[in-house]
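User: I'd like to go through this one label by label and hear the reasoning behind each. Can you take me through it?

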Amino acid sequence: MTHGMRTETHTTGLHGPRTWRDTAAHYALLPLRLFLGVTFIYAGLDKLTDSAFMRSAGTGSIGETMRAARDSAAIPALVDLALKGPVGFGCAIALGELAVGIGTLIGLFGRLAALGGALISLSLWLTVSWASTPYYYGNDLAYLMAWIPLVLAGAPYLSVDAAWRARRRRSHGYL
């Protein structure tokens, strides 16, 4: 018995003929990488440019946000630690989000950037989103899970990492 399966191919110009399914599988993580990269760049810039956020007290401040999340956090001691210097902590989170977003978007140290994104998302889930009921209303858990495939795969194509890898191969005589 035969199955009606498409077998037509197209040429990518990179590695010869591929089926559409192969190409889709090859680039499957690219939309996730673009989304997370752009989102984290936006989040970092939003924090850095929001004068209300970069304060230790007041409406919309990092300090007020942390104090509100403290009693419902999974690990209140982490929030207490951040509350010792809320503006510095807010700046560190914003710069971390910016670095993770840029690294993810351009594929620079892709696995390391994704690990940073996963750790930021984990910390936000354990503090700010922990009290969300039901749990799936807290978006930080979804972000944490979205980072995992990029931690595992890195940025194997359309990235600085891929360009460096190709250059190393050429310099060592591998093609």
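Analyst: Sure, let's start with A162, which sits in helix α8 (residues 160-171). Keep in mind that this is a predicted model.

User: Why is A162 called buried?

Analyst: Its relative accessibility is 18%, and buried means under 20%, so A162 counts as buried.

User: What does A162 touch, leaving aside its neighbours within four places in sequence?

Analyst: A162 is in contact with A155, P156 and Y157. As for L108, which is 54 residues away along the chain, its C-alpha atom is separated from that of A162 by 9.0 Å.

User: How confident is the predictor in the chain? What is the mean pLDDT?

Analyst: The mean pLDDT is 89, with 89% of the residues at 70 or more. Residues 6-13 are a weak spot, with pLDDT below 50, although in the model that stretch has 14 contacts beyond near neighbours in sequence.

User: And what does the secondary structure of the chain come to?

Analyst: You get 8 helices and 2 strands, in the order β-β-α-α-α-α-α-α-α-α along the sequence. Of the 175 residues, 33% are buried. If you take contacts between residues at least 6 apart in sequence, 62% of them join residues at least 24 apart.

User: On to charges. What makes E97 and K47 a salt bridge?

Analyst: The N to O distance between their side chains is 3.0 Å, and the cut-off is within 4 Å, so the pair qualifies. E97 belongs to helix α5 (residues 86-106) and K47 to helix α2 (residues 30-49), which makes this a link between distant parts of the chain, 50 residues apart.

User: Are E97 and K47 buried or exposed?

Analyst: Both E97 and K47 are buried.

User: How many salt bridges does that rule give?

Analyst: The count is 3. One of them joins R70 and D71 at 3.2 Å, N to O. Another joins D80 and R70 at 2.7 Å, N to O. D80 is in helix α4 (residues 76-83) while R70 is in helix α3 (residues 62-70), so that pair ties together parts 10 residues apart in sequence.

User: What makes R70, D71 and D80 one network?

Analyst: Their salt bridges share partners, and that joins R70, D71 and D80. R70 takes part in the bridge with D71 and also in the one with D80.

User: Why is D71 called exposed, and why is R70 called partly exposed?

Analyst: D71 has 65% relative accessibility, and exposed means over 50%, so D71 counts as exposed. R70 comes in at 27%, between the 20% and 50% limits, so R70 is partly exposed. D80 gets that label too, because its value is 30%.

User: Let's do helices. How do you know that the span of α7 agrees with what a helix should give?

Analyst: Helix α7 (residues 139-153) has 15 residues, and at 1.5 Å a residue they should span 21 Å. The expected span takes one less than the number of residues. The end C-alpha atoms of α7 are 22 Å apart, so the two values agree. Just after α7, G154 takes a positive phi of about 70°.

User: Which residues of α7 are buried, and what do they pack against?

Analyst: The buried ones are D140, L141, Y143, L144, A146, W147 and L150, and they pack against α2, α5 and α6.

User: Why is S121 called buried?

Analyst: S121 has 2% relative accessibility, and the limit is under 20%, so the label is buried. S121 lies in helix α6 (residues 110-127). Beyond residues up to four places away in sequence, S121 touches F40, D140, Y143, L144 and W147.

User: And the outside? Which residues form the nonpolar patch on the surface?

Analyst: F109, L112, L115, L119 and W164 form the patch, with about 520 Å² of accessible area together. Its largest share, 3 residues, comes from α6.

User: What makes L112 exposed?

Analyst: L112, which is found in helix α6, has 59% relative accessibility. Exposed means over 50%, so L112 earns the label. For the chain, the accessible surface is about 10,900 Å², and 65% of that belongs to carbon and sulfur atoms.

Key: Residues numbered from 1 in each chain as written. Predicted model: local features only at pLDDT ≥ 70, side-chain atom pairs only at ≥ 80, totals over all residues. Heavy atoms only, no water. Helix = DSSP H or I, 4+ residues; strand = E, 2+ residues; numbered from the N terminus. Buried < 20%, exposed > 50% of the residue type's maximum accessible area, 1.4 Å probe, protein only. Contact = heavy atoms within 4.5 Å. pLDDT = per-residue confidence, 0-100. Areas by Shrake-Rupley, 256 points an atom, 1.4 Å probe, with all protein chains shown as cover. Patch = residues over 30% accessible without salt bridge, like charges linked within 9 Å, V, L, I, M, F, W, Y side chains within 5 Å.
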